[in-house]
Amino acid sequence: SIIAVSRRNAEKARQLLFHLSNYFRKNLKRSEELSTLKAELDHLNSYLEIEKVRFEEQLEIKTEIDESLLNKKIPTFTIQPLVENAIKHGISKLFSGGKVEIKIYRRNGTLQIDVKDNAGLYDPQGEHGLGIQIVDKRIKNLAGEKYGVKIECKPNEETVATVLLPAGGLE
C-alpha cells in the first residue's frame with residue numbers, strides 16, 4: 001500500500017510510514033499488561049490509518065468515546081485485535097460499504113467497548129475466533145470471570161464484539 005501511494009502522493013506516503021513506525025514501536029514497547037484507554041486508542045489509530053489507505057472508500061470508521069474514560073487502565077492489545085478481526089474477517093469480504101463502529105462508554109457498572117461491523121460474517125469455529133479467545137482469557141485473568149469478550153452476530157448483517165471491564169478500569 002505504501003509503495004503504491006508513494007508513486008502518487010509522497011506526503012501521504014510519509015504519513016503512512018509515520019503511522020506504520022508508530023504502530024510497530026508501540027507493539028515492541030508494550031511489555032506492560034495494562035495501558036490507558038488513551039494509549040490503546042492511539043495504537044488503534046495508527047493501525048486504522050494504514051487500513052484506510054488499503055481499503056479506501058470501502059472502509060468507514062465511526063467512533064463514540066466517553067472521554068472521561070481515557071485515563072482508565074485496560075489490558076494492552078484489547079481493542080486493536082477486535083477491530084482487526086472486524087476488518088480482516090468481515091469488511092474485507094464486502095465489495096463496498098464496509099463500516100466499523102467503535103463505542104466506549106459506561107454501562108451498568110462496567111466499562112464497555114463495542115466493536116461493530118456491518119458484514120455479519122463471524123464464525124466462532126473460524127480462524128478469527130482464536131484472537132478473540134486470547135483477549136477474553138487475558139481480561140478474565142486480570143479482572144475476573146464476569147468480565148471479558150462476548151460476540152453477537154446477525155449473519156450477513158452485523159457482528160458486535162463487546163468487551164466488559166470494571167467501570168474504574170484495572171490497577
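This is a short selection tour of a predicted model, going from a charged surface patch to a strand, two loops and a side-chain contact.

**Stop 1: the positive patch**

Select K62, K99, K103 and R107, and show their side chains. Together these residues form a positive surface patch. Which strand gives the patch its largest share? Strand β4, residues 98-107, does so with 3 residues. Colour strand β4 separately before moving on, since the next two stops use it as a reference.

**Stop 2: R107 and R106 on strand β4**

Keep strand β4 in view and pick R107, one of the patch residues. R107 belongs to strand β4. Its relative accessible area is 44%, so R107 is classed as partly exposed; the range for that class lies between 20% and 50%.

Now pick R106, also located in strand β4. Is R106 buried or partly exposed? R106 counts as partly exposed because its relative accessibility is 41%. Next, add A167 to the selection and draw a distance between the two C-alpha atoms. That distance is 6.5 Å, while R106 and A167 are separated by 61 residues in sequence.

**Stop 3: N108**

Select N108, which sits in the loop between β4 and β5 (110-117). Check its backbone torsions: phi is positive, about 45°, and N108 is not a glycine. Most residues other than glycine have a negative phi. N108 is classed as exposed because its relative accessibility is 72%, and the cut-off for that class is over 50%.

**Stop 4: N156**

Go to the loop between β6 (148-154) and β7 (158-166), and select N156 there. What is the sign of phi at N156? Phi is positive at about 60°, although N156 is not a glycine. With a relative accessibility of 63%, N156 counts as exposed. A torsion plot with N108 and N156 labelled will show the two positive phi values, about 45° for N108 and about 60° for N156.

**Stop 5: S35 and E40**

Finish at strand β1, residues 34-36, and select S35 within it. Is S35 buried or exposed? S35 has a relative accessible area of 10% and is therefore buried, the limit for that class being under 20%. Show the side chain of S35, then add E40 to the view. Which contact joins the side chains of S35 and E40? The two side chains make a polar contact at 2.9 Å. Hide the surface here if it is still on, and display the pair as sticks with a distance label.

Methods: Residues are numbered from 1 along each chain as its sequence is written. This is a predicted model: local features need pLDDT of at least 70, side-chain atom pairs count only at pLDDT 80 or more; totals for chains, interfaces and linings use all residues. Side-chain values use heavy atoms; hydrogens and water are left out. Patches are made of residues with over 30% relative accessible area and no salt bridge: like charges are joined within 9 Å, nonpolar side chains (Val, Leu, Ile, Met, Phe, Trp, Tyr) within 5 Å. Accessible areas come from the Shrake-Rupley method with a 1.4 Å probe; for residues, only the protein chains shown count as cover. A salt bridge is a side-chain nitrogen of Lys or Arg within 4 Å of a carboxyl oxygen of Asp or Glu. Lys and Arg count as positive and Asp and Glu as negative; His and the chain ends are not counted. The place of a charge is taken as NZ of Lys, CZ of Arg, CG of Asp or CD of Glu. Helices (H or I, at least four residues) and strands (E, at least two) are DSSP runs, numbered from the N terminus. Buried means under 20% relative accessible area, exposed over 50%, partly exposed in between (1.4 Å probe, protein chains only). A polar contact is a pair of N or O atoms within 3.5 Å; within protein, one must be able to donate a hydrogen and the other to accept it, and residues adjacent in sequence count only if both atoms are side-chain atoms.
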